[in-house]
Amino acid sequence: METLSKFNHDSIPKPIITTTNFHSGPFSKLLTSTLSELFRFSVVLLVISIHVFFVLHKWNPIFHLLSLTCFFLVFVIKPLLSKPKVYLVDFSCLQPPNFCRVPFSSFLEHSSIIESFDTESINFMAKILHSSGLSEETYLPPALHYIPPITNLRESIKEAHLVLFPIMEDLLSKTKLSPQEIDILLINCSGFCPSPSLSSIIINKYSMRADIKSFNLSGMGCSAGILAVDLAQNLLKVHKNSYAVILSTEILSTGWYPGNEKPKLLLNCLFRMGSAAILLTNKEDGKENFKYKLLHALRLQSAFDDKAYYSAIREEDGNGITGVTISRDLMPVAGEIIRSNITLLGSSILPFLEKFRYGVSIFRKRFLHKSAEVYVPDFRTVIQHFVMPTSGRLLIKEIGKGLKLEDREIEAALMTLRRFGNQSSSSLWYELAYMEGKGRVKKGDRVWQLGMGSGPKCGNVVWECVRPIIDESSKGPWADRIHQYPVLPGN
């Protein structure tokens with residue numbers, strides 16, 4: 001157990017992005033993308049050369065028309081027709097009630113009163129809390145304020161109502177949408193899967209249509225919100241002229257661990273209340289009021305690998321108490337899957353020069369100089385805002401370092417972790433709300449959301465802001481104290 005404690009406080013294996021273990025999949029995708037860019041560039045040069053040839057030889061203008069028609073069909077008309085647009089209309093994040101706030105002193109005092117924890121476990125949780133990057137203003141659901149905590153089905157259902165109903169109502173109010181207008185409903189919650197389902201609870205509460213397409217995603221961890229966006233965009237490709245609502249949350253009362261195995265105590269300390277509601281559509285009407293357009297969605301997983309599969313797993317301890325074990329392999333596994341994900345995403349969004357430099361550096365390292373550095377592409381050439389997992393302060397900083405980001409570009413993740421803790425899949429939306437509240441997202445800017453969860457799975461979405469984002473500082477979960485952030489280290 002001592003090594004696990006070190007795992008939580010020592011620096012993360014470096015570098016998290018530029019590891020030397022190359023998979024053929026991402027590299028092949030990058031190579032294919034680079035060759036495709038070269039082909040397109042070559043075709044453009046060919047068309048220009050043909051036109052110059054026609055002009056010099058004074059050929060019939062019909063030849064000009066034919067070549068231009070072919071060019072536009074292949075490079076302009078076809079891409080536009082093959083990619084139906086998906087928009088993010090708006091989103092809402094829960095502001096937990098003040099009576100759910102849990103300062104460190106209250107958490108540790110209550111834990112010490114609970115007979116299930118020994119002194120070593122209390123000291124371990126105290127150490128985790130004070131090094132976690134969380135503040136004294138995070139929240140736990142009412143069920144976990146009891147001594148001992150109440151973790152039965154009834155309290156979990158109450159918690160689901162507490163975190164889902166307010167954001168659903170706020171989203172409907174913001175967008176002036178009726179529940180009967182919603183065509184697709186997706187809810188992701190990793191650890192709680194009641195019957196009837198969470199989606200049925202929402203459908204019942206808001207009297208939604210009989211033909212609504214509803215889905216529940218469970219057991220998919222902190223990446224589930226991004227995976228839900230990917231699923232929604234695929235559904236919107238099939239169901240035209242539709243609205244899709246995504247509700248992302250975690251029910252913490254079912255994940256509370258009242259035992260003494262240190263790998264399972266981490267979730268007690270780091271995970272906190274939060275939820276988000278997101279409205280997506282493929283409608284074109286009213287798009288001047290939509291906030292973002294979806295440009296890219298990508299997901300990967302490494303559950304095929306035993307080491308990765310067991311890096312975070314829910315299981316019983318030696319006394320039969322269920323909890324989620326976070327193993328020492330989690331950080332190396334996370335680093336590898338994030339690197340693979342970034343490589344694939346880069347092949348789609350990076351400019352040709354950045355991809356070319358990266359490909360050349362990999363080729364040099366593989367075949368010429370094993371000790372050569374791998375070039376890290378500069379994603380800031382195409383992305384203005386970075387939204388990353390709030391799994392821990394060290395992970396956030398290491399991802400930022402790997403992507404060559406500055407402090408301001410990882411500020412939203414660090415401040416979300418501090419203010420609200422790790423809210424699982426909904427954290428990414430609190431980060432975006434922070435950026436909007438600060439007035440940093442401008443029309444035309446691109447936002448990259450990176451989610452990572454158990455499995456392990458990793459997902460990315462890239463949005464383009466399609467209208468000015470104004471007056472958000474007085475709305476949402478940051479409205480009461482956006483002016484107090486960022487908090488400088490040590491405060």
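**Exercise 1. Classify Cys193 by accessibility, then decide whether its sulfur is bonded.**

Step 1. Cys193 has 55% relative accessibility, so Cys193 counts as exposed. The classes are buried (under 20% relative accessible area), exposed (over 50%) and partly exposed (in between), with a 1.4 Å probe and protein chains only.

Step 2. The closest cysteine sulfur belongs to Cys189, 8.4 Å away, too far for a bond. A disulfide is a pair of cysteine sulfur atoms within 2.5 Å.

Step 3. By this rule the count is zero disulfides. Cys100, by contrast with an exposed residue, is buried, at 0% relative accessible area.

The model is predicted: local features need pLDDT of at least 70, side-chain atom pairs count only at pLDDT 80 or more, and totals for chains, interfaces and linings use all residues. Residues are numbered from 1 along each chain as its sequence is written, and side-chain values use heavy atoms, leaving out hydrogens and water.

**Exercise 2. Place strand S1 among its neighbours.**

Step 1. Locate S1 at residues 87–93. Strands (E, at least two residues) and helices (H or I, at least four) are DSSP runs, numbered from the N terminus.

Step 2. Check burial. Seven of the seven S1 residues are buried, so the rest of the structure largely encloses S1.

Step 3. Find the partners; two strands pair if DSSP finds at least two bridges between them. S5 (residues 275–281) pairs antiparallel with S1 over six bridges. Here Cys93 faces Ala276. S6 (residues 292–301) also runs antiparallel to S1, joined by two bridges. There Tyr87 stands opposite Lys293.

**Exercise 3. Describe helix H6, from its ends to its cover.**

Step 1. Compare spans. H6 (residues 153–175) has 23 residues and reaches 33 Å from first C-alpha to last, close to the 33 Å expected at 1.5 Å a residue. The expected span is 1.5 Å times one less than the number of residues.

Step 2. Inspect the ends. Asn152 caps the N-terminal end, with a side-chain oxygen 3.3 Å from the backbone nitrogen of Arg154. After H6 comes Lys176, with a positive phi near 55°.

Step 3. List buried residues. Among them are Glu155, Glu159, Val163, Phe165 and Leu172. Their cover includes S1, helix H7 (198–206), strand S4 (243–249) and S5. Contact means heavy atoms within 4.5 Å.

**Exercise 4. Trace the contacts of Trp448.**

Step 1. Leave out residues up to four places away in sequence.

Step 2. Read off the rest. Trp448 touches residues including Ile342, Phe379, His385, Leu403 and Asn460.

Technical notes
Polar contact = N/O pair within 3.5 Å; in protein donor to acceptor, adjacent residues only side chain to side chain.
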